[in-house]
Amino acid sequence: MSEQRLRIPAGSWPTPITAGLVVQQATRIGAVALDGDVVYWSEMRPHEGGRTQIVRLEPGGEPTDVLPPGADARTQVHEYGGGAWWVDKGVVWYVEWADQRLRRIDRGGGPVEVTPAPAEGESVRWADGDVHPLDGRVALVRETHPVGSRGAVDVVNEVVVLDSEHQQDTVVAGPDFVSDPRWSPDGLSLAWLEWDHPAMPWDDSTLKVQTGMGVATVAGGVDQAPEGICQPQWAPDGSLWFCSDRDDWWSLYRWTAESGVERMVHQVGDVGRPKWVFGPRRYAFLADGRVVVAVLHEGTDTVHLLERDGSLRTLDVGSTCVDDMAASGNTVVLVGSSPTEEAAVRRFEIADDVGDVGAVETETLSPERELGIGREWFSEPEHIEFPGSSGRPTYANFYRPTNPTARLAEGELPPLIVLIHGGPTSNAVTTLSLAQQFWTSRGFAVVDVDYGGSTGYGRAYRNRLQGEWGIVDVEDCVAVVRWLGERGWIDPARAVIRGGSAGGFTVLMALAVSEVFAAGADYFGVADVEALALETHKFESRYLDGLIAPYPEGRATYTERSPLTHLDSLSSPLVVLQGAEDRVVPPAQSEMIVAALREKGLPVAYRLYDGEQHGFRKAENIKDSLEAELSFYAQVLGFELPAEEEIPVLEVENLRR
């Protein structure tokens, strides 16, 4: 088979995985919910301007859209959102992006405004609601931006309860942040999470419960060692479950007023995830008291069944990445994906006896794209361990060039794309991504780096980045290039680095302080960390206290850790792609680095996309950014693009041809 493939220089391989295919009828599955036997999920649709639609699937029926044309279920709380919709007894509640007002849709009806119009723009925002099991009251998060104020310090976050007349009763006020208001099954207690600056929720948070006896602290708090708490949920028996990393791994715990807190799962791996957005759950309760739980370890999710006797059984559900989960009775639905399958809503039943390793038959509910290509086009990840910063074990997913019609030219090693995830607490995932296969099918190798600070390896691994952002992540990315080069897997002279948001910052720092990379692609990355600390939104306004140093006491460190400070040593070409409406990393950040590179005479290209926020959602902009990046690499690395694709030529300033 390999002898029949044409020898073609990397980058020039013909491939059906074009930028057009990447966005063609693409949807991004978000949250999933079960209301009895009715399944709901959300879809972000780039081909509809990036709006989020809620989809309902009745038993025996076909998926139908819940929201009317043009409606968009998205919240701006914390800027990153999540938790923008929920459902109870056939009633759908959602936050409309256009005005941030809460609406409800009764069966057979249209959207009805529940909260009043704010005094200014989107100054009052809502998220993360839960409906009282008996009287229909709704507990949810309210974020208020005072009229006329743009400062993060003035934003107020509270837990509010809406009664049947939609009157607002503030029940939790004072903490800098609140989330996850959840009613107990009997309706007598309300649980929530809270945390205060300068901590992020995964650094130090507190779980509390309000009962008729007052407010009790379940976990966390000022007198305890810092722990990141997430995903509180009430079990049907009235116990409160949650994830905590108090023992390094984000494990599952249970609390009752009588017995206190006990650890329920003793596993190697993370059940919890960093709380960047509201809502996602990685465990769900069955009616018979058992619990289905997803665990992330070494870059892969596995799904398990926690039996009533405390034993843990593995379930083979065919997904290696789980984003959200819900259950009703013995039915489980989750958002799952694998290296050869895109994220989809999958449903399965749990039998009374699944054996030691249960092969579970799953049903895909959400529509799947007809890609028109076989699995032979897909490069599957190899999880690698290499010595990173200070020689410590560090991890990544490595993808080899894969194309059934082409192979490398005689004596050629593939160029490498080093992919930097955002967060920086996120992690490399094993989801089929056509945007990633876009590169591997052209002859590029890709390494998706879980640098120190990433999730999936315990709290101590995440804490490697404390005070070291811009150092440990950069050293790990440099180290993986050298490690792969030493093994002859890639051409280290043609390594490029790409990333967005926090990943974009790592791109800029790597280009500024090392000579390993031939070029870089910066998607809305941070160029001046001091400016970010002064200008960014409330949720992240003190994030850099931990990643870099307290501000303003550590101002000198901010200066040293900013890519703009190191322009004298920056000598690699750079393409910068930015959303014009980004409030997390404003366009001024990108424009500073572009202006500096122009003044220095370095090759640089800049794309500013109208109507985009922090992360591109519109199909035309996703397509254009991929093609612009490909054209950029072709020009700076010196390869020809397949003529049949007709890739527009990106204008690269100061490029010496």
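A salt bridge is a side-chain nitrogen of Lys or Arg within 4 Å of a carboxyl oxygen of Asp or Glu. This report applies that term to a predicted model, in which local features need pLDDT of at least 70 and side-chain atom pairs count only at pLDDT 80 or more, while totals for chains, interfaces and linings use all residues. Residues are numbered from 1 along each chain as its sequence is written, and side-chain values use heavy atoms, with hydrogens and water left out.

**Salt bridges**

The whole structure contains 45 salt bridges, including the three pairs tabulated here.

| Pair | Closest N to O |
|---|---|
| Arg 290 and Asp 288 | 2.9 Å |
| Arg 459 and Asp 245 | 2.9 Å |
| Asp 135 and Arg 137 | 3.0 Å |

Burial is judged by relative accessible area (buried under 20%, exposed over 50%, partly exposed in between; 1.4 Å probe, protein chains only). Arg 290 is buried at 1%, whereas Asp 288 is partly exposed at 26%. Asp 135 is partly exposed at 40%, as is Arg 137 at 28%.

In the pair of Arg 459 and Asp 245, Arg 459 lies in helix 3 (residues 459-462) and Asp 245 in strand 19 (residues 240-247), so the salt bridge ties together parts that are 214 residues apart in sequence. Here helices (H or I, at least four residues) and strands (E, at least two) are DSSP runs, numbered from the N terminus. Arg 459 is buried at 12%, and Asp 245 is buried at 1%.

A network of salt bridges links Glu 43, Arg 45, Glu 48, Arg 51 and Asp 65.

**Cysteines**

The structure has zero disulfides, a disulfide being a pair of cysteine sulfur atoms within 2.5 Å. The sulfur of Cys 243 has its closest cysteine sulfur in Cys 230, at 4.5 Å, which is too far for a bond. Cys 321 is likewise in no disulfide, the nearest cysteine sulfur, that of Cys 230, being 15 Å away. Cys 243 is buried at 0% relative accessible area, and Cys 321 is buried at 5%.
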